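Me: I'd like a close look at one part of a structure, and I'm new to this. Could you walk me through it in plain words?

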Amino acid sequence: MIARRSLLAAGAALLAAPAFSQAQSRVLRFVPQADLGGLDPIAISSNVIRNHGYMVYDTLYGVDHQFRPHPQMAAGHLEEEDGRSVTITLREGLKFHDGERVRAEDCVVSLRRWMRRSPMGQVLAARTEELAALDDRRFRFRLKSRFPLLIDALAVPSNPQPFIMPARIAATDPFQQIRDPTGSGPFRFVTSEFRQGARAVWERNADYVPTQAGGSGLTAGPKVVHFDRVEWSIIPDAGTAAAALTAGEVDWFEQMPAEIQQLLGRNRTLLLEPIDPLPLPGQFRFNHRQPPFDNPAIRRAFLHAISQEDFMTAIVGPDPAKYVTGVGFFTPGSPYASDEALAPLQGPRSIERAKQALREAGYRGETIRLLGTTDIVSTTAQAQVAADLLRRLEVNADIVLTDWGTVAQRRMNRGPLEQGGWSCACFATSGMDFINPITHLQLRSDGESAAPGWPDLPAVERLRAEWLEAPDLAAQQAIARRIQAAAMEGLPYIPTGAYYSITAHRRTLVDRVKGFAIFWGIRRA
Amino acid sequence: MFAYVVRRVLATIPVMAIVALFVFSLLYLAPGDPAAVIAGDQATPQDVERIRASLGLDRPYLVRFGSWVWDILHGDMGVSIFTNLPVTTMIQQRIEPTLSLMILTLILAVSIAVPMGVLAAWKQGTIIDRAVMAFAVLGFSVPVFVVGYLLAYVFALELDWLPVQGYTAFSNGFFPWLENLILPAIALGGVYIALIARITRATMLEVLGQDYIRTARAKGAGQGSILFLHALKNAAVPIVTVIGIGIALLIGGAVVTESVFAIPGLGRLTVDAILRRDYPVIQGVVLLFSFVYVLVNLLIDLVYTLFDPRIRY
């Protein structure tokens with residue numbers, strides 16, 4: 001059958017084929033996992049806004065796939081006074097999208113803003129005596145004591161990233177959103193074409209000069225752009241986005257649920273693969289402030305029953321290539337991941353042993369309120385497994401499943417259950433957030449300042465502080481193993497495994513940089 | 001008539017005030033916190049508190065309500081918590097797709113449903129009548145999103161006649177505009193067609209049994225003239241009423257249809273805003289929908305006078 005659109009296309013092709021196809025080949029049409037809900041990667045913590053951030057802004061340093069830092073905007077750095085003074089020099093010729101030169105003062109103001117929001121930045125701020133521009137191309141950190149992780153901090157890929165903005169924009173309060181998306185990155189944001197919830201467009205920054213420094217992969221190395229435009233279509237329904245990809249209306253669909261993966265997997269023109277070599281870790285998190293999980297023995301009783309396989313297959317289906325078990329507190333595949341102290345999570349699972357452990361720990365039938373979402377695939381599936389687990393353990397379970405907006409608020413409630421509090425909840429986080437003990441906020445265990453659940457585990461905190469002082473990777477890895485052992489004892493949460501986020505794009509797209517939705521490197525074959 | 005219109009327009013002011021109070025109070029009482037959503041799942045409680053303060057969400061209810069009403073009275077619907085864009089700008093960006101979808105659905109539905117209902121009444125008890133009624137039951141029973149997916153599968157994926165998703169502005173040409181909207185309009189129109197067809201049939205059956213129809217037949221009037229000039233005009237008031245009431249149905253259905261076909265309209269804006277707890281946007285859109293609904297009801301009341309000269313205001 002000859003389709004009407006095929007006829008129209010054929011007619012149009014006769015008239016303008018070369019120009020049209022050339023223009024189309026220079027446009028990359030992409031469906032993000034969610035709407036671009038803002039333009040400020042510092043003020044709003046969101047992976048979609050991070051992706052926008054890496055297009056529009058540049059960082060002083062980037063990381064390769066082994067998370068080693070390499071210069072990006074920086075030409076290099078000089079350590080003096082036994083590491084207490086670090087001077088960073090900018091590359092020549094860096095320009096913002098408005099044509100202004102990138103100056104050291106822009107970096108200083110941008111880093112100050114970032115340091116107020118980033119976990120890694122806050123650690124750096126606490127160790128910084130002074131941060132000041134020396135001239136247009138050089139600025140200096142004067143530190144209270146040597147900080148071996150300074151350059152790693154400036155390259156950190158976890159949210160929020162230390163993006164460099166013009167000083168006039170970066171002077172905005174970090175809890176207020178900026179309005180002007182002027183950066184110096186490889187793309188310019190086309191504000192006039194932005195339709196929130198529908199469409200966002202970036203154009204190649206013709207003035208961008210990729211770094212010549214070494215390192216490649218993830219955010220390090222030269223950022224070479226092969227498309228004139230990148231167009232994001234916001235398609236909230238995964239089925240519709242899959243149909244648009246099949247029909248050739250878009251080139252790349254960032255992330256989809258398991259059932260859509262099966263559907264698209266049958267299409268030979270498409271390539272489905274993990275978007276990131278790092279999987280996303282899941283968590284079964286406890287509220288340490290309220291009974292019964294204020295009792296560590298009750299938390300540990302759950303270790304007998306938690307099956308990481310159950311949690312992960314609920315998210316991605318039974319294909320073992322799509323998930324990882326035997327997962328601890330650091331993202332599998334990252335430098336600090338290990339199997340230290342994970343024995344309680346391995347071997348045969350036993351509901352009976354868990355029940356017995358609960359009795360021995362003194363569980364007296366207190367209500368256990370599970371908080372779960374209904375609108376995010378990863379957390380919804382995990383909450384359903386957790387709800388089933390609570391029923392099988394025959395505890396006094398109160399299952400509260402609602403939308404993420406409500407869960408996000410309710411998990412902040414530190415009060416008892418009668419006042420709307422909670423006992424346990426399931427979450428899943430970007431693998432990059434769990435790559436080291438500082439960016440990993442769910443591991444932070446200093447009570448009131450910790451993430452909801454408010455674990456108070458001094459042993460974990462002491463080791464996190466110790467990790468910052470470790471002189472080299474081997475020492476850091478040794479401390480990370482001890483952190484994991486301490487966390488398995490105190491259990492801020494129980495790791496529920498990790499799963500790969502699958503992306504789908506046309507096979508004609510090649511050289512995609514693995515990690516997240518990165519728009520340099522990728523090109524049409 | 002003019003005085004009536006002025007009175008009705010003025011009457012919308014207290015209605016809108018009540019809607020405003022209701023929407024604001026409901027959102028205030030509803031669970032959820034935009035600050036927690038903005039902060040993300042890695043945030044500390046202190047971060048969330050600071051964001052809440054920066055958004056002014058820590059102020060008392062009455063202060064927030066007073067400030068919002070004051071801004072509305074000055075034509076300012078506020079700024080989106082997430083995008084930092086003025087709510088009026090966001091509504092302006094989204095209103096065309098929704099209006100287009102609703103108008104096309106309305107035209108499609110009325111032009112299909114009214115003749116169907118008339119035909120069913122004329123051929124009462126025949127297979128045509130039963131087919132129309134069966135279609136009406138189907139239209140009521142099958143959810144909009146199921147019809148949407150089926151249409152997209154057949155006409156976009158299999159036949160490749162129409163695009164799967166998206167919206168092209170009317171300014172880019174009538175046919176591209178229509179190409180994107182025809183499937184969503186058919187999907188959304190299903191329930192509406194069923195509703196109007198059923199009410200048209202029922203009202204026509206009642207009117208066709210009246211003495212003046214018998215008189216018209218006795219005078220030798222043709223079937224078309226009897227059905228469309230004598231009967232339909234007199235059956236029009238209830239049909240117009242249902243069309244008006246159905247606007248609310250369309251607004252509700254547009255939310256689903258816009259999601260299925262990725263149309264960047266007000267329906268999707270509302271859903272996104274609700275999920276994120278973007279209060280200024282929710283308040284702005286609900287106020288707009290309420291105003292439109294009040295306005296449609298006023299228009300319906302005025303249209304009555306065209307069909308029934310006995311109605312005077």
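Into which domains is chain A divided? Please start there, then take me on to its partner chain.

Reply: Sure! Keep in mind that this is a predicted model. Chain A is split into domain 1, which takes in residues 31-245 plus 505-524, and domain 2, which covers 280-499. So you can picture where they sit, the centres of domain 1 and domain 2 of chain A, taken over C-alpha atoms, are 31 Å apart. Where these two domains of chain A touch, domain 1 puts in eleven residues and domain 2 puts in eleven residues. On the domain 1 side of that contact, helix 4 of chain A (residues 119-127) gives the most, with three residues. Sort the residues on that domain 1 side by class and you get eight nonpolar, three polar and no charged.

Now for the partner. Across the border between the chains, 46 residues of chain A are in contact with 46 residues of chain B. On the chain A side, the elements giving two or more residues are helix 1 (4-25), helix 7 (238-246) and helix 13 (404-410) of chain A. The class count for that side of chain A is 15 nonpolar, 19 polar and twelve charged residues.

Chain B itself has twelve helices and zero strands. Its C-alpha trace spans about 85 × 55 × 35 Å along the principal axes. Of its 313 residues, 40% count as buried. If you take the contacts in chain B with a separation of 6 or more, 73% of them join residues 24 or more positions apart.

UniProt, in an unreviewed entry, places the feature "domain: ABC transmembrane type-1" at residues 95-304 of chain B. That span is 84% helix and 0% strand, and its end C-alpha atoms lie 28 Å apart.

Let's zoom in on one pair of helices in chain B. The axes of helix 7 (residues 144-158) and helix 8 (residues 174-208) of chain B come within 9 Å and cross at roughly 145°. The crossing of helix 7 and helix 8 of chain B is right-handed. From helix 7 of chain B, the residues making the contact include Val144(B), Leu151(B) and Phe155(B), while helix 8 of chain B brings, among others, Leu183(B), Pro184(B) and Val191(B). By class, this contact between helix 7 and helix 8 of chain B has eleven nonpolar, two polar and no charged residues.

Definitions and conventions
Residues numbered from 1 in each chain as written. Chains lettered and ligands numbered in written order. Predicted model: local features only at pLDDT ≥ 70, side-chain atom pairs only at ≥ 80, totals over all residues. Contact = placed C-beta atoms within 7 Å. Helix = DSSP H or I, 4+ residues; strand = E, 2+ residues; numbered from the N terminus. Nonpolar A, V, L, I, M, F, W, Y, C, P; charged D, E, K, R; others polar. UniProt positions renumbered as here; feature names shortened; annotations may be inferred. Axes fitted to C-alpha atoms, helices over the stretch in contact; angles between N-to-C directions. Left-handed = near helix turned anticlockwise from the far one by under 90°. Domains from an automatic or database assignment. Buried ≥ 20, exposed ≤ 12 C-beta atoms within 10 Å, placed from the backbone.
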